[in-house]
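Hi everyone, thanks for making time for this. I'd like to walk you through one model, so let me put the sequence and the structure up on the screen.

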Amino acid sequence: MKRRIAILGSTGSIGTQALDVISRHPSLLSAEVLTANSNDTLLIEQAIRHEVNAVVIADESKYEKVFKALDKHGIKVFTGINSIGRVASGSNIDIVLTAMVGFSGLGPTLEAIEAGKAIALANKETLVAAGSIVMKLAMEKGIPVIPVDSEHSAIFQCLQGERSAPEKLILTASGGPFLDKSAEQMAKATVEEALNHPRWSMGSKVSIDSASMMNKGLEMIEAHWLFGIKPQDIEIVVHPQSIIHSMVQFADGSVTAQLSTPDMRLPIQYALTYPHRVPLNTNRIDFSALSRLDFLAPDFGKFPALAIAYSAIEKGGNIPCAMNAANEAAVNAFLGNKIPFCRITQIINEVTNMVPYIKEPSLDDILETHKAGIELATKLIAK
Ligand SMILES: NC(=O)c1ccc[n+]([C@@H]2O[C@H](COP(=O)([O-])OP(=O)(O)OC[C@H]3O[C@@H](n4cnc5c(N)ncnc54)[C@H](OP(=O)(O)O)[C@@H]3O)[C@@H](O)[C@H]2O)c1
């Protein structure tokens with residue numbers, strides 16, 4: 001049976017790579033629904049090339065152009081942020097790939113789970129902001145949430161066939177563009193320098209998160225929710241070559257790892273074809289050319305985002321949501337040259353300490369916390 005996919009965020013880095021994967025396996029996978037925020041030109045091109053059933057362009061000012069281009073091809077066109085979850089939850093969809101960026105992914109993900117769709121999850125911010133709500137709903141509905149993030153896919157792959165619970169998860173981190181830079185150099189980094197990731201080509205938000213290592217903090221929280229492991233049993237190890245994508249340690253001291261050359265299409269494909277492995281034209285590892293694999297402890301002094309993330313998930317409740325909101329606002333401000341790089345983590349820290357704590361937040365509390373986190377961060381940015 002062909003799996004019919006809705007890609008939320010098809011015009012982004014994950015979305016375009018997912019379409020590449022889908023086009024390589026026409027007998028197994030088909031793209032049925034594509035969504036974008038405002039990139040109308042690429043959305044139109046993708047929709048025609050992949051002969052999809054429907055698209056959503058969130059930006060309502062772009063609707064007319066997209067409708068004119070696609071209606072004659074028999075492709076349905078919807079608009080508005082609220083259409084994304086509804087269209088992705090249609091009866092013609094089996095898997096929803098959540099590849100939107102930031103908190104915007106939460107609503108559509110919950111709607112898709114509610115409608116009984118399997119989730120291939122790239123949008124880590126959804127679990128950071130509302131992990132307990134999302135995983136509880138998925139559990140109640142019996143919905144699989146399959147990780148797309150390369151680290152979580154690695155852990156997921158390491159756990160296949162295992163009957164014993166892990167003792168520890170070891171998340172690998174490339175260290176980002178500032179691994180070998182001093183704290184002083186990092187504080188003054190330009191947008192261009194921060195976007196220049198040594199191993200992965202990604203969207204701008206996740207690239208800046210990687211530079212501050214907030215990305216690894218977000219991933220630690222994502223791993224906590226996906227695999228039900230306590231934060232203190234999730235270790236972060238810097239591995240600059242990005243060949244080992246993460247590891248699992250068991251009670252007998254055995255460690256299993258998943259290795260491959262860095263290529264996001266692999267975890268995307270595994271999430272879409274799980275539990276099957278199908279061919280993919282990735283570069284294979286040449287072990288004789290690979291002279292060394294390095295590992296080092298992360299520098300918590302130089303990368304304060306890591307300690308902020310561990311502290312946020314230890315406090316729990318709505319605090320990770322506030323942290324995520326502040327990060328989104330601060331990253332946007334840095335990308336717009338409104339604050340220096342070092343201000344990003346300072347703003348996150350200040351906002352997480354200012355937001356009123358809610359131990360067991362409802363969805364409304366999470367929405368309110370996100371709004372409050374953005375507002376507080378915006379005020380700090382303007383200072
Ligand atoms: N890129 C990677 O290698 C990678 C690896 C692991 C995890 N992830 C995670 O995957 C997610 C996507 O990352 P990405 O790098 O693919 O991001 P990206 O390149 O910036 O793409 C984001 C996609 O989401 C759409 N979008 C953004 N804001 C939206 C909004 N408010 N409403 C509706 N659609 C919106 C964008 O549409 P427009 O193009 O129209 O703006 C685009 O299609 C993130 O959560 C990231 O952390 C990414």
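A quick definition before anything else: when I say helix, I am talking about a DSSP run of H or I with at least four residues, numbered from the N terminus. And please keep in mind that what you see is a predicted model.

Let's begin at the ligand. Which helix gives the largest share of the shell around the ligand? That is helix 1, with three residues. Helix 1 (13-24), helix 6 (124-141) and helix 10 (204-212) each contribute at least two residues to that shell. In total, 28 residues surround the ligand, and the closest are G9, G12, N37, M202 and G203. If you sort the shell by class, you get 12 nonpolar, 12 polar and four charged residues.

Now to the sheets. One of them is an open sheet of seven strands, with the order 4-3-2-1-5-6-7 and parallel pairing. At its edges are strand 4 (76-79) and strand 7 (145-147), each of which pairs on one side only. From one strand to the next, the twist averages 25°. If you zoom in on strand 6 (residues 118-121), you'll find three bridges to strand 7, and these two strands run parallel. There, A120 stands opposite I146 of strand 7.

There is also an open sheet of four strands, ordered 9-8-10-11, and here the pairing is mixed. Why is one side of strand 9 and of strand 11 left without a neighbour in the sheet? Strand 9 (234-238) and strand 11 (255-259) stand at the edges, so each has a single partner strand. The twist in this sheet averages 20° from one strand to the next.

Have a look at strand 10 (residues 244-249) with me: five bridges join it to strand 11, and the two run antiparallel. I244 is opposite L259 in strand 11, and S246 has Q258 as its bridge partner. Strand 10 and strand 11 make a hairpin with five residues between them, and in the turn G253 has a positive phi of about 90°.

What packs on this sheet? Helix 7 (residues 150-158) lies across strand 8 (168-173), strand 10 and strand 11, and runs at about 45° to strand 10. Helix 11 (residues 214-227) packs on the sheet too, touching strand 8 and strand 9, with its direction at about 150° to that of strand 8.

Next, a helix pair. The axes of helix 4 (residues 81-88) and helix 5 (residues 106-114) come within 8 Å and cross at roughly 25°. Angles under 35 degrees count as roughly parallel, and helix 4 and helix 5 are therefore roughly parallel to each other. The crossing of helix 4 with helix 5 is right-handed. On the helix 4 side, the contact is made by I84, G85, R86 and A88, and on the helix 5 side by G107, P108, E111 and A112. By class, that contact has four nonpolar, two polar and two charged residues.

I'll finish with two backbone details. As a reminder, most residues other than glycine have a negative phi, and most peptide bonds are trans. M213 is not a glycine, yet it has a positive phi of about 65°; you'll find M213 in the loop between helix 10 and helix 11. And Y274 and P275 are joined by a cis peptide bond, with omega about 10°. P275 is in the loop between helix 12 (265-273) and helix 13 (305-315).

Thanks for listening, and I'm happy to rotate the view for anyone.

Terms used:
Residues are numbered from 1 along each chain as its sequence is written. This is a predicted model: local features need pLDDT of at least 70, side-chain atom pairs count only at pLDDT 80 or more; totals for chains, interfaces and linings use all residues. Axes are lines fitted to C-alpha atoms, for helices over the stretch in contact, and angles run from 0 to 180 degrees between N-to-C directions. Angles under 35 degrees count as roughly parallel, over 145 as roughly antiparallel, 65 to 115 as roughly perpendicular and the rest as oblique. A crossing is left-handed if the near helix is turned anticlockwise from the far one by less than a right angle, and right-handed if clockwise. Two residues are in contact if their C-beta atoms, placed from the backbone, lie within 7 Å. Ala, Val, Leu, Ile, Met, Phe, Trp, Tyr, Cys and Pro count as nonpolar, Asp, Glu, Lys and Arg as charged, and the others, Gly among them, as polar. Two strands pair if DSSP finds at least two bridges between them. A residue is near a molecule or strand if its C-beta atom, placed from the backbone, lies within 6 Å of it.
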